[in-house]
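I sat down with this one to work out how its pieces fit together. My notes follow, in the order I looked things up.

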Amino acid sequence: MNYFDGSAFSRDWTSHHIPIWEKLLRERAQEPLRVLEIGSFEGRSALFFLKFLPNCHLTCIDTFEGSVEHRTPGSRHHTDMSEVEARFDANTKLFSDRLEKLKAFSIEALSELQRESRRFDVVYVDGDHHAASAFTDAQQSWDLLASGGIMILDDYLWQPAKPAAERPKPGIDAFLQARAGEYEVLHNDYQVIVRKTWSPSRDAASGFTIGGRSIDEASGGSIKPPLVSFVVIAWNYGRYVGATIDSIKAQDYPNFECLVIDNGSTDDSVEVIARHVGNDSRFRIETLPENLGQLGAAFWSLDKIKGGFVSFVDADDVLLSTYASMHVQAHLALRQSVAFTSSSVAEMDAVGNILAAAGGGAVDSQSQTRNLHVEASVFRLPTVSQQHFQQLSARTVLVPRWASGWQWSPGTANMYRASHLRLVRRGGEARHMRAADGYFNFMCHGFGGSALIDVVLSGYRLHGENAFSNHESSPWLRSGTPEYYRLAEEATLTDIDFLLANAGRYAWMLDGGYWSVLDLITRETPKRLRRFYGDRKVFAVFLANAPTLAAEFRSRVFCREILARFSGSQARKILRAGYGGKLKQRAYGEIALSELRKALSILRKHK
């Protein structure tokens, strides 16, 4: 590709670097990368980024006053910088919708970007040639570079005969030494190109505070930031899973592990996963011989991960770089502990174009509790700015465990407490051919409540093969396919059967809330519950589990709860099955009382 057709330039210090840049950026070329360029001159490198990365957004910083060699009369590089800026503007005019021009000294512009908590995936440092300037530009922009991002340091071998203070190499060397252990070198020649990795001891523990005081110092290193476990479950999504892995690498929260599971794929998923994981020690790859279903693989993974918080990442979705930080901060600051948090998603098409933003379902405002604890009283993450904390506080809603219906975002939007996942883990057969969130969200919410974060933190890809949703959200249209709803009904029956069969374990644990959780996992509204329980399949499940329920609950409770859900012969059959084929005296009394209540209700309606 000729990146410079129709453009005007007086210098070319860029073209010979392009083959290297193309090689290093090719795999991410179609992603909406955020690129920062320090030193733009006439825009030759800017045009490369804008054309080779057609979905990127480019931020260019330059004073357009030139360096010493540009301002010194008689120098072979002497240049009229007003003409340089005019050429930059003309050369990049067609890309104004993807270009941000900051005419300022880099030390000022980078400080402002830091205050705004901006993050970039690619940083190109090509500013002032003095060693101090090269060091400062690299140091400041390093803090803006997302984990997994690439930094290109130009002019490493420029003018080697000049005094050390007047050339970039000593400054770049000092920067690389200061950040040792936080990067891997991708290229080392006239340019030095590195990929950012994280040093948890520096970025997580030392910056983890409460009331402005370092937890690392206050606790002598005995209290550490939470470990987050990402679990990517991939089945024949080789065309998408690389972007998913890259988005996890780009998290600004450093203290995480990632388990990538190839769930019996028959496409090139294994090769794509291995290529994108590379030698990143935070990632582990497991290959299952057969497809266990997403939920089956999720259950399997719970013995393989160590994090206190867990996100199951669909292999066709992507995370924003702030995903883990915002979820963890919400968990640590909520006024009461919840089983999981669920953020909003950006719905996008197969190639990543945004279609809509979607959040969870609406909850009756009387059942919502807004805001977090005050900032000074909670554990604070260094990766969540004060502005973002205030955003979380204003846009996070506690959903009490008795709230019914689907409240949450689909797919990759949920961060669970690992303890709750293990609490509701199913045994038996290994294959569970259903979505993990469809099971975990209802069960975990029933056990511990949830919280909605009304901030977009991930991208949910719609590509025609989704079961849950095959078009962007609409309040007037069903999201899923008919097959999805049929399978969801079958899954609901298995969930009810599981909870009934394990009444002995869960009834005591839920402390009187067992029956409300049972109603919750039906996925039905309170008005439709009686109709739901009257279905012959649901009746059959209760009939089979009646002896377990009768043994666990006192007669009055067992009779009352069955009669609240079933009528007539169905109720009598369940009660008889619970009592070994014969109704107890208590049952007759409860039946009579139930019939009286129904008659009085009918009379009131007809008055």
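**Entry 1: a small sheet**

I started at I210, which stands opposite R213 in strand 9. Worth jotting down straight away: I'm reading a predicted model here. Strand 8 covers residues 209–210, and two bridges join it to strand 9 in an antiparallel run. I then asked which strands make up the sheet and in what order. There are three of them, in the order 9-8-18, forming an open sheet with antiparallel pairing. Strand 9 (213–214) and strand 18 (379–380) sit at the edges with a single partner strand each, so one side of each has no neighbour in the sheet.

**Entry 2: the overall tally**

I stepped back for the totals. The protein chain has 24 helices and 21 strands. It runs to 607 residues, of which 54% count as buried. I also pulled the contacts between residues at least 6 apart in sequence: 76% of them join residues at least 24 apart.

**Entry 3: the seven-stranded sheet**

Next I traced another open sheet, this one of seven strands in the order 3-2-1-4-5-7-6, with mixed pairing. Its edge strands are strand 3 (99–102) and strand 6 (183–188), each pairing on one side only. Neighbouring strands of this sheet are turned against each other by 15° on average, ignoring direction.

I picked one pair from it to look at in detail. Strand 4 and strand 5 run parallel, paired over five bridges. Y124 has I152 in strand 5 as its bridge partner.

I also checked what lies over the strand 3 side. Helix 4 (residues 81–92) lies across strand 2 (57–61) and strand 3, and its angle to strand 3 is about 165°.

**Entry 4: helix 1 and its two sides**

Which residues of helix 1 are buried? I found I18, W21, E22 and L25 in the stretch 18–25. Looking down the helix axis, I see these buried residues fall within an arc of 100°, so they line one face of helix 1. That spacing made me recall the textbook rule: an α-helix has 3.6 residues a turn, so residues three or four places apart point the same way. On the face turned away from the buried side I noted P19 and K23, which are exposed.

What do the buried residues pack against? My list is helix 2 (44–52), strand 4 (120–125), strand 5 (145–153) and strand 7 (192–196). Strands 4, 5 and 7 are ones I had already met in the seven-stranded sheet.

**Entry 5: strand 21**

I wanted to know how enclosed strand 21 is. Ten of its twelve residues (450–461) are buried, so the rest of the structure largely encloses strand 21.

I went through its pairings one at a time:

- Strand 15 (residues 340–348) pairs with strand 21 in the parallel sense over nine bridges, and A346 stands opposite G459.
- Strand 19 (residues 396–399) runs antiparallel to strand 21, joined by four bridges, with V397 opposite L452.
- Strand 14 (residues 318–319) is also antiparallel to strand 21, joined by two bridges, and L319 has S458 as its bridge partner.

**Entry 6: helix 12 against helix 16**

I looked up the packing of helix 12 (residues 293–301) on helix 16 (residues 436–448): an angle of about 60°, with the axes 7 Å apart. The two helices are therefore oblique to each other. The contact brings Q294, L295, A298 and F299 of helix 12 to A436, Y439 and F440 of helix 16. I sorted these contact residues by type and got six nonpolar, one polar and no charged.

**Entry 7: N353**

Last stop was a loop residue. N353 belongs to the loop between strand 15 and strand 16 (354–358). Is N353 buried, partly exposed or exposed? Its relative accessibility comes to 39%, so I logged N353 as partly exposed. Leaving out residues up to four places away in sequence, N353 touches E347 and M348. I also noted its separation from P32: 321 residues apart in sequence, yet 9.1 Å apart in space, C-alpha to C-alpha.

Terms used:
Residues are numbered from 1 along each chain as its sequence is written. This is a predicted model: local features need pLDDT of at least 70, side-chain atom pairs count only at pLDDT 80 or more; totals for chains, interfaces and linings use all residues. Side-chain values use heavy atoms; hydrogens and water are left out. Buried means under 20% relative accessible area, exposed over 50%, partly exposed in between (1.4 Å probe, protein chains only). The arc is that of the directions from the helix axis to the C-beta atoms. Contact means heavy atoms within 4.5 Å. Two strands pair if DSSP finds at least two bridges between them. Axes are lines fitted to C-alpha atoms, for helices over the stretch in contact, and angles run from 0 to 180 degrees between N-to-C directions. Angles under 35 degrees count as roughly parallel, over 145 as roughly antiparallel, 65 to 115 as roughly perpendicular and the rest as oblique. Ala, Val, Leu, Ile, Met, Phe, Trp, Tyr, Cys and Pro count as nonpolar, Asp, Glu, Lys and Arg as charged, and the others, Gly among them, as polar.
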